[in-house]
Every structure is written in structure tokens, then in C-alpha cells.
Amino acid sequence: MQSQSRATPPLQRPATTRYVQVPVSRKETGHQTLTLAYTQTGSGPPILLLHGLGLSRKSWQKNLRFLEQRGTVYALDLPGFGQSEAPEQVWSTRQLAEVVFAFLRTLGLASVVAIGHSLGGEVCLWLAYLYPSCTKALI
């Protein structure tokens with residue numbers, strides 16, 4: 001029996017790390033902005049990927065090829081994870097959702113399909129709860 005292997009198509013364009021400074025309104029941090037790292041690839045409707053606890057945007061690497069064929073994918077390192085700047089204190093998932101909202105606004109994204117794993121899933125739920133017009137769908 002011959003083994004059939006499906007070759008995974010290459011990314012439309014190489015996914016590189018990008019950085020953006022987003023405004024934060026946390027009095028306890030002493031920061032006016034946080035620098036967040038993200039990967040952007042594909043084109044079309046925006047798709048946001050939020051990783052789980054102890055992970056980074058790189059945990060979505062194998063999903064990028066599939067998702068970039070359906071839209072512009074934004075895989076974000078949440079504050080304190082991966083290459084994003086860490087806040088001085090631990091933030092709740094609600095506070096992380098506020099930062100994600102600021103990230104989306106900074107990039108000019110009005111509404112996204114939000115996909116989250118574990119911690120990222122809870123942040124997506126808060127994002128949809130706090131800013132319902134910001135999320136087209138949650139996965």
C-alpha cells in the first residue's frame with residue numbers, strides 16, 4: 001500500500017515578527033504603552049489567534065498555512081509571553097482582553113474572527129463580552 005502524503009503549501013509570504021506599541025490605561029503599570037509582538041500573513045477578512053498559557057504565537061505555526069487562505073491572520077503574543085513586553089503585574093484575562101482590543105484598534109481592525117486556545121480562549125470570551133462589535137465569531 002502506497003503512502004499518500006499531502007504536501008503542505010508554503011505560506012503566501014514569509015511570516016515575520018512585527019511589533020506595535022499599544023496604549024494601555026492601567027494605572028498600576030506605570031506604562032503608557034506596551035510593545036506587542038505579532039505575526040501577520042494572508043489577505044482577506046481578519047482572523048485573530050490568541051495562544052494558551054505558557055505558549056506564544058508560535059504555537060499557531062502549523063495553522064497559518066490553512067488560515068491564511070481564508071483571511072489575514074494576526075497571531076499575537078499576549079503581554080508577558082513570547083516576544084511581547086511584560087506588564088509589571090499579572091493581569092486578569094479581562095485586562096488582557098482590553099489590551100487585545102487596543103491592539104486591534106491600533107492596527108485599524110474593526111471586527112475579527114477570534115480564535116483562542118486555553119488562556120487565549122478566555123481572553124477571546126472577554127473580548128466578545130466587553131466589545132461585542134469587535135468580534136464576528138469566536139472559535
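Of the 139 residues in the chain, 47% are buried. The model is predicted. Its secondary structure comprises 3 helices and 6 strands. Along the sequence, these elements follow the pattern β-β-β-α-β-α-β-α-β. The accessible surface amounts to about 7,700 Å². Carbon and sulfur atoms contribute 53% of that surface. Contacts were also sorted by separation in sequence. Among those between residues at least 6 apart, 70% join residues at least 24 apart.

The search for salt bridges covered the whole structure and returned 2. One is formed by Arg-57 and Asp-77, with the closest N and O atoms 2.4 Å apart. This pair links distant parts of the chain, its members being 20 residues apart. Arg-57 sits in the loop between strand E3 (46-50) and helix H1 (61-67). Asp-77 sits in the loop between E4 and H2. Both residues of the Arg-57 and Asp-77 pair are buried.

The side chains of Glu-98 and Arg-94 also meet in a salt bridge, with an N to O distance of 3.9 Å. Here both residues belong to helix H2. They are 4 residues apart, about one turn of the helix. Glu-98 has a relative accessibility of 23%, so it counts as partly exposed. Arg-94 is likewise partly exposed, because its relative accessibility is 36%. Both values lie between the limits of 20% and 50% that bound this class. The two salt bridges thus differ in setting: Arg-57 and Asp-77 are buried, whereas Glu-98 is partly exposed, as is Arg-94.

Ser-84 was examined in its surroundings. The residue lies in the loop between strand E4 (72-76) and helix H2 (93-106). Asp-77 is placed in the loop between E4 and H2 as well. The relative accessible area of Ser-84 is 8%. Buried means under 20%, so Ser-84 falls in the buried class. A polar atom of the Ser-84 side chain lies 2.8 Å from the backbone nitrogen of Ala-37. Ala-37 is also among the residues that Ser-84 touches when those up to four places away in sequence are not counted. Thr-35 and Leu-36 are touched too. The remaining contacts of Ser-84 on this count are Asp-77, Leu-78 and Pro-79. Asp-77 therefore appears twice in this account: as a residue touched by buried Ser-84, and as the salt-bridge partner of Arg-57.

Methods
Residues numbered from 1 in each chain as written. Predicted model: local features only at pLDDT ≥ 70, side-chain atom pairs only at ≥ 80, totals over all residues. Heavy atoms only, no water. Helix = DSSP H or I, 4+ residues; strand = E, 2+ residues; numbered from the N terminus. Buried < 20%, exposed > 50% of the residue type's maximum accessible area, 1.4 Å probe, protein only. Polar contact = N/O pair within 3.5 Å; in protein donor to acceptor, adjacent residues only side chain to side chain. Contact = heavy atoms within 4.5 Å. Salt bridge = Lys/Arg side-chain N within 4 Å of Asp/Glu carboxyl O. Areas by Shrake-Rupley, 256 points an atom, 1.4 Å probe, with all protein chains shown as cover.
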